[in-house]
Amino acid sequence: MEDLSLIKNAIQYPQNVVILSHRNPDGDAIGSCLAWKLFLMAKGHKVHVILPSEFPLNFSWLPYTNEIVIYDLQPERAKELIEVASMICCLDFNSLDRIDRMTEMVRSSTAFKMMIDHHIDPEPFVQAMVSDPAASATCELIFDLIIALGEEKYITPTLAECLYTGILTDTGNFVHAVTPAIMRKSARLLELGVDNDKLQILIFKNLPEKQLRLLGYSLYHRMEIMTEYQVGLIFLTKEDYAKFGISRGDTEGIVNYMLQLKDVQIAALITDQNGIIKFSFRSKGDISVQALAREHFNGGGHKNASGGYQHTSLKEAIEKFKSVIPKFVQSHYPIQILN
Ligand code: 5GP
Ligand code: MN
């Protein structure tokens, strides 16, 4: 960890810390922010977590979620906190455009900035960086960092649960990005007090009825398979959102189901979220949807899970997706899949 001594120095004296993560925060975003908050608080810092948009309700049992400032709901409060921060920690994102309207505030802040993240090609806007695309989750890197600082004693059962949450969600419950290292670290978190059964129920067996019905509806009425290219697509309209009374986080996970199909290599979920069209991509094996998101949809992410956005109608977005797929598939699929 190259910048370890920089971080060690930076946290040596009490600071006014702001911890930030990305829009549409997932379990790894929230888990890493809260774990790092617990650690810094225990070290005597004053710490606020700010997220650009709301988080899914199945994470509200995590510690201090009621104190998280959501920019969409409290922009002035978020601005004030960033203005007075002496340290800004950017977790689980690698470029400033992932924090939307806080981008310029953070860019121009004179606070000490650090990034802890596992996405490829980090934007160098920080003084200290812990960046490792081989890490399964940002929570893994927070664990590594605390250990490297020689501070394992600060990993309380509560902090361990925050880290384990990010690992569970970013590995899809130990389905992908599973490495010997992440299994060892997860085992250590169990030793440090994580109750796996409890977290399985809180995170994965906690859906409101409408969400399962939405899944059924999406698979039955909104799924198209582009057989020739082995691509699956689900789209959700503004009307669908209204009909099911759903908000952003409720679509979490839908895209993954299409990869259960033998003949689907790439899965896409395209949603109309009030004027902004969001793309969510997943892929199997060596096929990179990171490239798809980066090259065509203003986005990025990981090899097998990425996303992007555009400001058009949903219809145009679906057409755009369908029009880029043939060429993308030709140049990115291993030959044996198409033959
Ligand atoms: P999801 O499909 O769960 O929203 O996102 C999957 C992954 O894609 C995220 O972990 C994130 O790395 C990446 N991602 C999603 N949306 C965007 C986006 O708009 N821009 C970038 N750069 N990455 C995104
Ligand atoms: Mn992550």
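Visitor: How many bridges join strand E4 to strand E5?

Guide: This is a predicted model, in which local features need pLDDT of at least 70 and side-chain atom pairs count only at pLDDT 80 or more, while totals for chains, interfaces and linings use all residues. Residues are numbered from 1 along each chain as its sequence is written, chains are lettered from A and ligands numbered from 1 in the order in which they are written, and side-chain values use heavy atoms, without hydrogens and water. Strands (E, at least two residues) and helices (H or I, at least four) are DSSP runs numbered from the N terminus. Strand E4 covers residues 87-91 and strand E5 residues 112-117; they run parallel, and the number of bridges joining them is 5.

Visitor: Which strands stand at the edges of the sheet that contains E4 and E5?

Guide: Strands pair if DSSP finds at least two bridges between them, and this open sheet of 6 strands has parallel pairing in the order E3-E2-E1-E4-E5-E6. Two strands have a single partner each, so one side of each is left without a neighbour in the sheet: E3 (69-70) and E6 (128-131).

Visitor: What angle does the direction of helix H2 make with that of E2?

Guide: Helix H2 (residues 27-42) packs on the sheet, where it touches E1, E2, E4 and E5; contact means heavy atoms within 4.5 Å. Axes are lines fitted to C-alpha atoms, for helices over the stretch in contact, and angles run from 0 to 180 degrees between N-to-C directions. With the direction of E2 (46-51), that of H2 makes about 170 degrees.

Visitor: How far is a polar side-chain atom of His119 from an oxygen atom of ligand 1?

Guide: The ligand is surrounded by 14 residues (a heavy atom within 4 Å), and His119, Lys278, Ser280, Arg282 and Ser306 are the closest. A polar side-chain atom of Lys278 lies 2.8 Å from a nitrogen atom of ligand 1. For His119 and an oxygen atom of the ligand, the distance is 2.7 Å.

Visitor: Which strand gives the most to the shell around ligand 1?

Guide: Strands E10 (276-283), E11 (300-301) and E12 (305-310) each give two or more residues to this shell. The most, 5 residues, come from E12.

Visitor: Which residue is the bridge partner of Phe281 in E12?

Guide: E10 and E12 belong to an open sheet of 6 strands with mixed pairing, in the order E7-E8-E9-E10-E12-E11. Over 6 bridges, E10 and E12 pair in the antiparallel sense. Within E12, the partner of Phe281 is Ser306.

Key:
A polar contact is a pair of N or O atoms within 3.5 Å; within protein, one must be able to donate a hydrogen and the other to accept it, and residues adjacent in sequence count only if both atoms are side-chain atoms.
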